[in-house]
Amino acid sequence: MVQQNIELFGTPQLRDEAFVVGQVAQVFFQSSANFYKVLLVKIKDKNFDWSESTITVTGNFADIKEETPYRFSGRLVKHPKYGQQFQADNYQTEIPSSKEGIVTYLSSSQFPGIGEKTAERIVQKLGNDAVSVLLQDPNKAKKLGLNEKQQKSLLDNLEADQGIEQIIIGLNSLGFSSNMAARIYSYFQEDTLNTIHDDPYQLSIHINGIGFYRADQIAEQLGFKPDDSGRLRGAIFHVLFEYSSSEGNTFVPGNILLQKVQQLLEEGRNVEIDPNKIADELIKLVDQRKLAVENNNFYLKKYFYGEWDIATQLARLMQEDSEQPLADEKQLTADLSQIETQMNIEYDLFQRDAITKALTSKVFLLTGGPGTGKTTIINAIVALYAYENDIDLEAKRLPILLAAPTGRAAKRMSEMTGLPASTIHRLLGINGHEEQLPEEVDELDGTLLIIDETSMVDTDLMKILLKSIPDAMQVIFVGDRHQLPSVGPGQVFADMLASDLLPKKELTKIYRQGEYSSIISLAHAVNQGELPVDFSQQQNDRSFIRCTAKQVPQVIAQVIEVALRKGNSKDDIQVLAPMYRGPAGIDSLNDLLQEIMNPHHTRQKEIEVRGHHLRIGDRVLQLVNDPEKNIYNGDIGKIVTIDIGDKGQKAGPDSVTISFEQNEVEVEKKDWNNLTLAYCLSIHKSQGGEFPIVILPMVPQFARMFARNLLYTAITRAKEKLILVGDLESFRRSISKVAQNRLTTLKQRLETELGDEKQVGANDDSTQLTQPAVQVERDGSQPKKTKQDGTLGKNTAEEFNQRQVLNESYTLTLQLIESQNIDPMIGMDGVRPIDFMSQK
């Protein structure tokens, strides 16, 4: 089957390319993360000019056996450092064609139990193509007079020798990189080629980094029709994934989903697609419980159940524990005076109320903008809680846990409180190498948990965090509701606040630096949708430099040079920008700033990563979580050493050592793609951190990113100085554009779990979870184009109309029976299985 499948992918004919045949003398390098290897091959045959007896061969290979002959096809390339090499696009074991060669091959140590005489008998009965015969029809082995052990040894080792090898060849022929090939094989294992052959759209559904268009190209090569059910299914999941990952929504309205799927399918092959078939496929996916639908909104299952899990977990945590009652408010108020004396501070009535409410609530939400005293409140809560519970804050193990979404935010939290703080991932013991968060984690050990920068926490992470919190633990979520929402789907903190069902306090009075900080006053003005009249005027801590997009690099370079001449540290200066492309984009500015901050000089070691050079002394950003090394997405470090190795002796692996704020880490070459220059950061990546000097360009080329909360977030990263660069109109447009709320249903879930049951029950449609209710009509058989307003014409599936909400009379009819549309929750009056979930 493997052999048949590989032929479907059009493996390049070896005779049409350069080839080299030989034995692998040595494996110079093999990546632990993918199939990439560097081999030294002793040449037996070739079809190109090469004077030496050995050659270096690179490419994606399965388990290579030294001294085994292979045929590699590809081309000669000249590597800038290592000289001429043979870059293999494909390869295969070179099975001997002569009788003597096959006997030698089958009687080798690779086939235990098969001696020379047995091998001769096999060749005598099956001929010189014995290996191919056995691979195509393993039953032939039964007629060879072999015992059971010999048969197993022969077939298992032949298949092992060919199986994964053929998979890698197949993936190579499809043009997948070594990293992607490893990712695909890791998921589908030995079923890789069968899966791609049967339904290539499984690649776009299950493999991160492979989109619908890539899978569609493969499917077209394999002869899949434009309206094949697998293609329709792949397009549906692609649109749902896109709306989640790009827009941050947890669901897509049915009419938009149908429109976008039809558009994607028609643009991909330039043919009309009947929307009835899309509707039919949606119904199948819902009936098979591969998607969830409610009130005409379609969800990926993980986000549908994720929002429910968050709501039910919060409801669990809100229940008071009779064995461990909450602190008495009067006692807390009295003891707070002791804390004031101890900390030499005086809290006003508003602050006192926030502190006591936090410690008399099982779950508490604290929100406020810059300078409103969130840090002061957190410190007071920690001190008062320790005082009430006789906790020594100098002890090594504390029942008070502090955490934040990023390493930078956790470090800042630790500096603010003087207590250890960690990332949420590290707190939960989550391995950052996993693509998906685990379903379960160990229960946290402690009695009070404070999470900072909660607006950055997405649906997936909040769900797993809440599951880890024991019943007796108090939880305080802190954040700024006006900042950017999480990168991942959801707007969890905003929805928790909007529900009005959890104890909360919003801090509005400005304390830090008071009215003397023009940065803070600007942030609050932006938040109110106002551009201050003094925006373009020079302030003690803020300035505005008018320029065009093309002038931005030159202006920023001049600003930095002046700042450095005045004695400011390079490490204090941080440029932020909304987008990566263009002259004022992040990539261009990073290259420019590198030449200013860390110019290249003779003998300075550097490496190349994704087209950019990284040098010793460069400021870099970590792009993924790696808890084993205690580094996380968003951490900033500095390269201190580069070990490129002795290329005269070996071809790798190389490594760099980076000094992060919390530790020094060696990063191997396979992980270099997780690093990028950090002289200029995206505003999203800057969240959770503060910098002494922030330079912020805003120009028309960033127009599609303009949003009030984006500008607000960038401004609030500046601690001491803020230099705004660009044109006034771009800042004005950014302030005037209010970002749309994401499409989520967490607020409704919280109302169901925590609100007045009678009041909520009247609008509770959660019993319709498997009833597609997309509002569509039909008046003929001819498909129509989608309208510009985002709705479909009267051309969609009858079955969608048949599957509308059931009649409230619950009358049993022949139509209901034939459509298999009888509600399993009939007569339950809003009671759901989720209501009977056991509470830990």
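This passage describes cores, strands and an annotated site in a predicted model.

The largest nonpolar core of the model holds 73 residues. Within this core, Ile-560, Ile-695 and Leu-696 touch the most other members. Helix 22, spanning residues 552-565, gives the most to the core, with seven residues. Domain 4 (534-578 + 683-754) and domain 5 (600-679) both give residues to it, so the core lies between these two domains. The surroundings of Ile-695 can be listed in detail. Leaving out residues up to four places away in sequence, Ile-695 touches Ile-556, Val-559 and Ile-560. Its other contacts beyond that range are Ile-573, Gln-574, Val-575, Leu-576, Ile-723 and Val-725. Apart from this core lies another, of 34 residues. Its members include Phe-35, Leu-39, Tyr-70 and Ala-181.

Strand 16 contributes several of the partners of Ile-695, among them Ile-573 and Val-575. Five of the five residues of strand 16 are buried, so the strand is largely enclosed by the rest of the structure. In a regular strand, side chains alternate between the two faces of the sheet. Both faces of strand 16 are covered. Ile-573, Val-575 and Ala-577 are buried on one side. Gln-574 and Leu-576 are buried on the other. Strand 16 also has two parallel pairings to report. With strand 25, it pairs in the parallel sense over three bridges. There, Ile-573 stands opposite Ile-693. With strand 24, residues 680-682, strand 16 likewise pairs in the parallel sense over three bridges. Here Ala-577 stands opposite Ser-682.

Helix 25 comprises residues 708-715. Seven of its eight residues are buried, so this helix is largely enclosed by the rest of the structure. The buried residues are Asn-709, Leu-710, Leu-711, Tyr-712, Thr-713, Ala-714 and Ile-715. Their cover includes both helices and strands. Among the helices are helix 21 (518-527), helix 24 (683-686) and helix 26 (728-736). Among the strands are strand 16 (573-577), strand 25 (691-698) and strand 26 (718-726).

Ser-543 lies in strand 15, which spans residues 542-546. The relative accessible area of Ser-543 is 11%; the cut-off for burial is under 20%, so this residue is buried. Ser-543 and Leu-724 are 181 residues apart in sequence. In space, their C-alpha atoms are 6.2 Å apart. Ser-543 touches Leu-724, as well as Gln-538, Leu-722 and Ile-723, when residues up to four places away in sequence are not counted.

An annotated site was examined next. The UniProt annotation "binding site", from an unreviewed entry, covers Gly-371, Thr-372, Gly-373, Lys-374 and Thr-375. Gly-371 lies in the loop between strand 9 (363-368) and helix 16 (374-388). Thr-372 lies in the loop between strand 9 and helix 16 as well. At 7% relative accessibility, Gly-371 is buried. Thr-372 is also buried, at 1% relative accessibility. Beyond its neighbours within four places in sequence, Thr-372 is in contact with Leu-507, Thr-508, Lys-509, Ile-510, Tyr-511 and His-524. A polar atom of the Thr-372 side chain lies 2.6 Å from the backbone oxygen of Gly-369.

Antiparallel pairing was found among the strands with lower numbers. Strand 1 (residues 18-30) pairs with strand 2 (residues 36-46) in the antiparallel sense over nine bridges. The bridge partner of Val-20 in strand 2 is Lys-46. Strand 1 also pairs with strand 4 (residues 69-79), in the antiparallel sense and over six bridges. In strand 4, Arg-71 stands opposite Val-21.

A further open sheet has three strands, in the order 6-8-7 and with antiparallel pairing. Its edge strands are strand 6 (252-253) and strand 7 (291-294), and each pairs on one side only. Strand 7 and strand 8 (residues 297-300) pair in the antiparallel sense over four bridges. Val-293 has Phe-298 of strand 8 as its bridge partner.

Notes. Residues numbered from 1 in each chain as written. Predicted model: local features only at pLDDT ≥ 70, side-chain atom pairs only at ≥ 80, totals over all residues. Heavy atoms only, no water. Core = buried A, V, L, I, M, F, W, Y, C linked by side-chain atoms within 4.5 Å. Buried < 20%, exposed > 50% of the residue type's maximum accessible area, 1.4 Å probe, protein only. Domains from an automatic or database assignment. Contact = heavy atoms within 4.5 Å. Pairing = 2+ DSSP bridges. UniProt positions renumbered as here; feature names shortened; annotations may be inferred. Polar contact = N/O pair within 3.5 Å; in protein donor to acceptor, adjacent residues only side chain to side chain.
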